[in-house]
Amino acid sequence: QVQLQESGPGLVKPSQTFSLTCTVSGGSITTNYYYWSWIRQPPGKGLEWMGAITSSGNTYYSPSLKSRTSISRDTSKNQFTLQLNSVTPEDTAVYYCARDEVRSSLGTYDSWGQGTQVTVSS
């Protein structure tokens, strides 16, 4: 069974950049038919899709976050990363990585990481 695990800083200062890494085990991020996604949930709000990287390395981003977001991968480590620039307290959220089984439909997440809290505060 595929497992995903997020890692990164828990506390970030406003205006800074942070990166989160999702380590995947039990499956390869280069396996076809999957997108590897980043999703976040601010406190008291719903899930927000941020972007994804495909099995071939193509990236897609939420229009609202595209200017500040970059997703990349390291296939040798079976990891993909999220970079978010110029953060504000509005970026405080639990951040999840997840696998999207896109053949079923876009947004069909069959595996999730446990989530990691990122707090943006001075």
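Visitor: What is the torsion about the S-S bond of Cys 22 and Cys 97?
Guide: Before answering, I should say that this is a predicted model, in which local features need pLDDT of at least 70 and side-chain atom pairs count only at pLDDT 80 or more, while totals for chains, interfaces and linings use all residues. Residues are numbered from 1 along each chain as its sequence is written, and side-chain values use heavy atoms, with hydrogens and water left out. A disulfide, which is a pair of cysteine sulfur atoms within 2.5 Å, joins Cys 22 to Cys 97 with an S to S distance of 2.1 Å. This disulfide is right-handed because the torsion about its S-S bond is about 70°.

Visitor: How many residues apart in sequence are the parts that Cys 22 and Cys 97 tie together?
Guide: The count by this rule comes to 1 disulfide. Cys 22 lies in strand E3 and Cys 97 in strand E9, so the parts tied together by the pair have a separation in sequence of 75 residues. The names come from DSSP runs numbered from the N terminus, where helices (H or I) need at least four residues and strands (E) at least two; the separation asked for is 75 residues.

Visitor: Is Cys 22 buried or exposed?
Guide: The words depend on relative accessible area: buried means under 20%, exposed over 50% and partly exposed in between, with a 1.4 Å probe and protein chains only. Cys 97 has 0% relative accessibility and therefore counts as buried. Cys 22 also has a relative accessible area of 0%, so the word for Cys 22 is buried.

Visitor: Which strand gives the largest share of the largest nonpolar core?
Guide: A nonpolar core is a set of buried Ala, Val, Leu, Ile, Met, Phe, Trp, Tyr and Cys residues joined through side-chain atoms within 4.5 Å, and the largest one here has 25 residues, with Phe 18, Trp 36 and Tyr 95 among those that have the most contacts inside it. The strands that give two or more residues to this core are E3 (18–25), E4 (34–41), E5 (48–54), E8 (79–84), E9 (93–101) and E11 (116–120). The largest share is 4 residues, and this share comes from E3.

Visitor: With which side chain does the side chain of Tyr 95 make a polar contact at 3.0 Å?
Guide: Tyr 95 is found in strand E9 and counts as buried because its relative accessibility is 0%. Leaving aside residues up to four places away in sequence, Tyr 95 touches several others (contact means heavy atoms within 4.5 Å), including Phe 18, Ile 39, Met 50 and Val 118. A polar contact is a pair of N or O atoms within 3.5 Å, where, within protein, one must be able to donate a hydrogen and the other to accept it, and residues adjacent in sequence count only if both atoms are side-chain atoms. The partner of the Tyr 95 side chain at 3.0 Å is the side chain of Arg 40.

Visitor: Which side chain meets that of Arg 40 in a salt bridge?
Guide: The structure holds 5 salt bridges, each being a side-chain nitrogen of Lys or Arg within 4 Å of a carboxyl oxygen of Asp or Glu. Arg 40 is buried, because its relative accessible area is 5%, whereas its partner, at 24%, is partly exposed. The two side chains meet at 2.7 Å, N to O, and the partner is Glu 48.

Visitor: Which residue, in strand E10, forms a salt bridge with Arg 99?
Guide: The N to O distance in the salt bridge of Arg 99 and Asp 110 is 3.0 Å. Asp 110 lies in strand E10 (residues 109–112) and Arg 99 in strand E9, so the pair ties together parts that are 11 residues apart in sequence. Arg 99 counts as buried because its relative accessibility is 13%; the partly exposed partner, at 38%, is Asp 110.

Visitor: Which residue in E5 does Ile 39 stand opposite?
Guide: Two strands pair if DSSP finds at least two bridges between them, and E4 and E5 run antiparallel, joined by 6 bridges. Strand E5 is largely enclosed by the rest of the structure, because 5 of its 7 residues are buried. In E5, the residue opposite Ile 39 is Trp 49.

Visitor: What is the bridge partner of Gly 51 in E6?
Guide: E5 also pairs with E6, in the antiparallel sense, over 3 bridges. The hairpin of these two strands has 4 residues between them, and there Gly 57 takes a positive phi near 100°. The E6 partner of Gly 51 is Tyr 61.
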